[in-house]
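Here is a short tour for anyone who likes to start from a single residue pair and work outwards. Have the viewer open and follow along.

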Amino acid sequence: MRSHLADFDLVVAADLAEALRLLAAGWRPIAGGTDLMVLFNAGRLAYRKLVGITKLPELTAITLSPNAITLGAAVTYSAIQRHSLLESEFPLLCRAASWTGGAANQNRGTLGGNIVNASPAADSPPALLVYDAELELISTSGSRRIRYGEFHTGYKLMQSRPEELLVKIHLPRHQRELSQYARKVGARKAQAISKVCFNAVAEVNSSFIKHIRIALGSVAPVPLRCRKVEEALSGQTLTSTLIAHARDLIAQEIQPIDDIRSTAKYRSLVTQNLLTEFLGSLL
Amino acid sequence: MANAQIALTVNGAAHTLTVPAMKRLLDVLREDLRLTGTKEGCGEGECGACSVILDGELVNSCLIPAKQADGAQLVTIEDSGLGAIQQAFAETGAAQCGICTPGMVMASFALLARNAKPSLEQIREGLAGNICRCTGYQKIFDAVVKVSRQSS
């Protein structure tokens with residue numbers, strides 16, 4: 001059933017200070033609305049007072065420093081795809097943005113919204129995990145930064161308080177050449193939510209893995225960084241035996257389930273095959 | 001009470017309206033402005049039937065609260081500048097039941113505005129957010145190709 005319009009209010013914040021004041025008073029943020037409005041249209045949106053944040057300059061800029069590229073939390077998937085420096089340094093994030101919905105949703109949907117909506121099936125979180133992103137949260141009592149790898153603590157649970165606003169996502173710029181890999185497996189190419197979304201980056205020198213990060217979507221209650229597999233591979237020379245070992249380990253580290261989109265068994269096998277494809281490409 | 005005064009420019013005409021802040025832009029267009037060319041399909045941003053152009057960008061109007069569109073420039077299927085695309089849709093037989101057609105035309109317009117000569121792959125990608133229940137995609141793609149060949 002539809003929501004009753006008179007029960008709801010929405011104010012577009014004139015500036016960040018107003019947004020934070022309203023959040024402190026119990027209002028909730030709305031950005032592109034591509035998730036919240038679906039709930040609203042179905043009569044399932046739990047919040048009655050919403051503050052619009054899409055036009056705040058702090059949330060819409062993409063800024064550069066020698067050490068990081070910083071994205072405002074309300075930067076859209078379209079803006080991510082059109083940014084040439086992101087494309088050259090963080091291509092997996094651009095690819096994830098292109099996988100998320102069609103053109104209309106990419107024009108409205110935001111990176112910060114994708115993070116705080118906290119769907120384990122979202123496509124941008126695995127990219128942010130392998131790039132070791134940092135989140136900046138702000139409230140009337142100050143701001144703080146947290147590593148994205150520590151942000152999701154359980155299904156739809158996050159290290160943030162209701163009055164805090166996610167303002168920025170910092171991507172540390174990598175100084176060295178990385179092998180980068182991402183593949184989404186879904187029912188169709190367009191508009192389909194992932195059955196498995198696999199992302200990895202590695203620093204490799206003639207089959208010796210100096211450094212590797214692997215993260216997946218849709219295989220656990222949270223976007224999952226596979227630290228045990230990373231540990232087993234770092235500082236090792238790749239061999240077919242090591243790849244077979246990594247396949248076994250990743251099947252133990254993920255926690256896939258059966259749901260409307262796929263089965264645990266299929267997700268596990270696909271995850272192992274994608275890991276093999278990536279590691280095979282490094283040999 | 002959650003009414004808001006909003007200003008919209010729709011197909012070049014300025015409007016000031018008092019509507020519930022969370023009323024969907026789709027319903028503002030259809031009910032308050034009587035522009036019923038924009039259709040509701042799924043109501044959850046999956047099908048693209050309600051596509052309009054907001055400040056130069058293709059959007060699903062079912063997902064936009066009225067207050068968030070305050071001050072926006074909108075282009076809808078009723079705009080007089082869409083004739084060439086509409087003509088091509090008619091000539092290639094790109095409409096069957098017609099419910100997806102306004103959204104398909106708007107998505108085609110948005111695509112061609114950015115890329116006057118899209119490849120077939122780019123057309124498929126540009127229209128990926130628009131679903132045709134009659135599955136008449138090929139003739140829709142043909143229509144976009146036809147328009148792109150007409151432009152110099």
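In this predicted model, a good place to begin is A:Leu135, whose bridge partner in β7(A) is A:Ile146. That pair belongs to a longer seam: strand β6 of chain A, residues 134-139, is joined to β7(A) by six bridges, and the two strands run antiparallel.

Stepping back, both strands sit in an open sheet of five strands in chain A, ordered β4-β5-β10-β6-β7 with antiparallel pairing. At the edges are β4 (62-64) and β7 (142-147) of chain A, each of which pairs on one side only. Ignoring direction, neighbouring strands of this sheet are turned against each other by 20 degrees on average.

The sheet also carries a helix. Helix α1 of chain A, residues 16-24, packs on it and touches β6 and β10 (165-172) of chain A. The direction of α1 makes about 75 degrees with that of β6(A).

Now let us turn to chain B, which is divided into two domains, domain 1 (3-75) and domain 2 (80-150). Their C-alpha centres lie 21 Å apart. Here is how many residues each domain of chain B brings to the contact between them:

| Domain of chain B | Residues in contact with the other domain |
|---|---|
| Domain 1 | 13 residues |
| Domain 2 | 11 residues |

On the domain 1 side of this contact in chain B, strand β3 (residues 51-54) gives the most, with three residues. By class, that side of domain 1 of chain B has six nonpolar, five polar and two charged residues.

Note on methods
Residues numbered from 1 in each chain as written. Chains lettered and ligands numbered in written order. Predicted model: local features only at pLDDT ≥ 70, side-chain atom pairs only at ≥ 80, totals over all residues. Domains from an automatic or database assignment. Contact = placed C-beta atoms within 7 Å. Helix = DSSP H or I, 4+ residues; strand = E, 2+ residues; numbered from the N terminus. Nonpolar A, V, L, I, M, F, W, Y, C, P; charged D, E, K, R; others polar. Pairing = 2+ DSSP bridges. Axes fitted to C-alpha atoms, helices over the stretch in contact; angles between N-to-C directions.
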